[in-house]
Amino acid sequence: MSVFVLRRLLTLLATLVGASLIIFLVLDALPGNAAQMLMGADASPDAVRALTAKLGLDQPLAVRYLQWVKGLLIGDLGNSYVYGTPVAGLIAERLVLTIPLAIMSMAITVTLALSAGIYTAANHNKLGDVGVMSLTQVGIALPNFWFAILLVLLFAVRLQWLSAGGFAGWEDGVWPGVKSLLLPAVSLAVVQAAILARVTRSAVLEVLREDFVRTARAKGLGKREVLWSHVLRNAMIPVMTVMGLQFANLLAGTIVIENVFYLPGLGRLIFQSIANRDLIVVRNCVMLLATMVVIVNFVVDVLYALIDPRIKVHDL
Amino acid sequence: MAERSSMPLIEVSNLGVRLNTSRGPAQAVRGVSFALKRGETLGLVGESGCGKSVTAMSLMGLLPDSAVVTGSIKLDGNELAGLPDADYCRLRGNRISMIFQEPMTALNPMHTIGNQVAEPLRRHKKYSAGQARKEAIALLDRVGLPDPARRVDAYPHQFSGGQRQRITIAMALACEPDLLIADEPTTALDVTIQGQILDLIADLVDERGMSMILISHDLGVIAENVQRMMVMYGGTVVESGPTDEVFRRMGHPYTQGLFRARPKLGARKGTRLKTISGTVPELADLPAGCTFSERCPLVIDACRVALPPMVEVGPGHGVRCIRTDVSMAETVGALSA
């Protein structure tokens with residue numbers, strides 16, 4: 001087990017190094033000088049050059065990369081070109097919103113998808129199966145920003161149960177914060193849940209065809225008991241794989257959804273920083289997202305080994 | 001008790017099973033009847049697709065929901081056909097157990113073998129976890145799994161095919177069933193292991209006074225392990241009787257063909273195996289009349305008109321053929337060929 005985790009950790013580190021290189025090089029290759037952007041088109045070339053030097057942008061590429069990585073390791077991400085404040089602080093402020101949003105959205109996704117997937121597989125080819133599967137087809141086809149607007153029209157404008165946007169913060173307790181994240185979380189979750197439900201259904205159906213399901217039935221277990229005690233654990237492997245991939249999708253989705261709902265989260269920070277050419281913020285935010293995705297997939301890999309006793313032997 | 005012992009344990013009469021296949025509805029089993037007393041053993045033999053496994057699954061009540069079962073299956077006089085699944089669950093693994101063909105896939109890879117063997121005990125006998133575990137170790141020991149006390153917490157992938165089949169046997173026997181159905185229990189195993197597993201099953205059947213239905217396509221396995229046998233073809237029983245009697249005087253051209261087609265020891269190198277010409281008919285479009293008529297060397301027009309009746313050719317020995325006068329006369333020649 002520890003060998004397995006160790007090997008996975010090494011892969012994780014290698015992935016992060018690769019990601020940091022790509023992020024750094026791509027952002028560096030972008031046209032547009034940050035110093036020029038900050039000072040405006042009318043600024044004198046001397047002043048622009050002075051600011052470029054002050055920001056350290058005149059250093060060679062390799063030096064700047066290593067400085068950044070060193071900063072990442074000691075937790076010093078530098079200062080925002082635009083706000084002049086530490087990037088770490090900016091990000092931390094935003095994560096207070098984005099992490100709860102991602103967790104809520106993932107929780108809604110998993111709850112919806114597993115119940116729909118298991119229900120439809122257990123009622124294969126019956127009316128309930130066909131009905132729920134048609135709904136997931138619609139779910140997959142929905143663009144999440146458009147669905148978000150529909151939700152706003154219904155719950156904020158018409159019913160006035162929830163606000164149309166903005167974030168209440170956590171100062172007044174948990175509920176106001178959760179309430180303001182509810183619509184964004186649901187709009188992010190619906191498409192993902194539709195996909196995951198279909199994956200769950202086909203994974204469960206596939207396991208239901210296995211010989212050991214027949215063996216379990218021959219022992220006298222009812223269909224429902226076989227489903228819970230023998231089928232689900234076997235079906236979880238493909239479901240978890242997709243869940244790991246969806247987490248990345250979900251983080252990308254927050255960039256759009258936070259803009260639709262005027263939420264001061266990480267996604268909105270990235271969006272604004274790109275518009276402002278605040279590349280130091282963009283670079284660190286993207287690195288953070290990449291790290292989160294890689295860590296989630298690492299956790300999924302470890303969970304595989306916990307669920308499936310065969311994986312330790314094959315040392316995947 | 002005396003009355004009970006004279007009554008058949010399981011009595012199947014005029015069993016029919018209709019399955020929905022991709023090629024349309026198919027009558028997988030037609031007019032199968034037999035009775036089995038406590039301690040008796042019966043063999044079902046035939047090619048794949050002849051309906052022997054479907055017959056077994058209908059006894060277990062494990063046919064797909066879309067299957068239509070007609071006729072009657074009685075266990076100790078109680079009708080099983082049409083029994084609700086919840087009631088059937090109380091019998092399966094308790095009074096009727098089954099061993100399957102593929103030991104490599106018949107066990108759940110995610111559960112320890114101990115838990116899988118203990119499952120029927122916990123379910124039917126309401127054993128505590130500790131009791132069930134102790135009993136599981138005893139069962140695994142009885143079926144000859146080495147070092148069961150230590151290996152009870154291992155997973156199926158840590159065992160060989162033969163060992164896994166021993167584990168499924170332990171599982172099937174956990175609740176001391178009255179009837180054991182063994183569906184090709186050794187087909188997927190190495191030849192050297194096959195004999196050991198069959199001996200084990202025979203010992204256990206003897207020791208516990210169970211009845212057994214052994215399904216195999218291997219005439220040798222049938223000859224050595226059961227008292228009575230039924231040969232199936234195209235969903236019907238074409239010949240049935242005491243095993244010795246059937247082997248001594250096989251009456252159906254299909255049985256004779258099966259016998260000729262088996263590989264023989266001592267045959268000269270390069271000798272071709274005899275085959276039965278043609279292929280097994282699709283159950284979805286069986287010929288009218290005798291199911292074997294398309295491939296039968298003795299076929300006459302009358303064979304294609306209606307399904308032949310079972311003809312009694314000896315004590316308890318029936319042959320579903322209208323040409324037994326010819327086929328039985330040729331039997332001696334057929335056997336030596």
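Is A:N144 buried or exposed, and how many other C-beta atoms lie within 10 Å? In the predicted model described here, A:N144 is buried because 21 other C-beta atoms lie within 10 Å, where 20 or more are needed for a residue to be counted as buried. The residue belongs to helix α7 of chain A, which comprises residues 144–158. When neighbours within four places in sequence are left aside, the contacts of A:N144 are with A:S187, A:L188, A:V191, A:G253, A:V256 and A:I257. A:G220, by comparison, is separated from A:N144 by 76 residues in sequence, and the C-alpha atoms of the two residues are 46 Å apart in space.

The chain that holds A:N144 was then considered as a whole. Chain A contains 13 helices and zero strands, so that from the N terminus on its elements read α-α-α-α-α-α-α-α-α-α-α-α-α. The C-alpha trace of chain A spans about 85 × 55 × 35 Å along its principal axes, and of the 316 residues in this chain, 34% are buried. Among the contacts in chain A with a separation of 6 or more, 70% are accounted for by residues 24 or more positions apart.

Two packed helices are described by the angle between their axes and the distance between the axes. For helix α5 (residues 87–122) and helix α6 (residues 127–141) of chain A, the angle is about 145° and the axes are 8 Å apart, and the crossing of α5(A) and α6(A) is left-handed. On the side of α5(A) the contact is made by A:A116, A:Y119 and A:T120, while α6(A) contributes A:G128, A:D129, A:V132, A:M133 and A:T136. By residue class, the contact of α5(A) with α6(A) comprises four nonpolar residues, three polar residues and one charged residue.

For chain B, an unreviewed UniProt entry carries the annotation "domain: ABC transporter" over residues 10–259. Across residues 10–259 of chain B, the chain is 40% helix and 27% strand, and the C-alpha atoms at the two ends are 29 Å apart.

Confidence in the prediction was also examined. The model has an ipTM of 0.87 and a pTM of 0.83. The average pLDDT of chain B is 89, and 96% of the residues of this chain score at least 70. Over residues 332–337 of chain B, however, the pLDDT is below 50, and this stretch has three contacts in the model beyond near neighbours in sequence.

Technical notes
Residues are numbered from 1 along each chain as its sequence is written. Chains are lettered from A and ligands numbered from 1 in the order in which they are written. This is a predicted model: local features need pLDDT of at least 70, side-chain atom pairs count only at pLDDT 80 or more; totals for chains, interfaces and linings use all residues. Axes are lines fitted to C-alpha atoms, for helices over the stretch in contact, and angles run from 0 to 180 degrees between N-to-C directions. Helices (H or I, at least four residues) and strands (E, at least two) are DSSP runs, numbered from the N terminus. A crossing is left-handed if the near helix is turned anticlockwise from the far one by less than a right angle, and right-handed if clockwise. Two residues are in contact if their C-beta atoms, placed from the backbone, lie within 7 Å. Ala, Val, Leu, Ile, Met, Phe, Trp, Tyr, Cys and Pro count as nonpolar, Asp, Glu, Lys and Arg as charged, and the others, Gly among them, as polar. UniProt positions are given in the numbering used here, feature names are shortened, and annotations may be inferred rather than shown by experiment. A residue is buried if 20 or more other C-beta atoms lie within 10 Å of its own, exposed if 12 or fewer, and partly exposed in between; C-beta atoms are placed from the backbone. pLDDT is the predictor's confidence in each residue, from 0 to 100.
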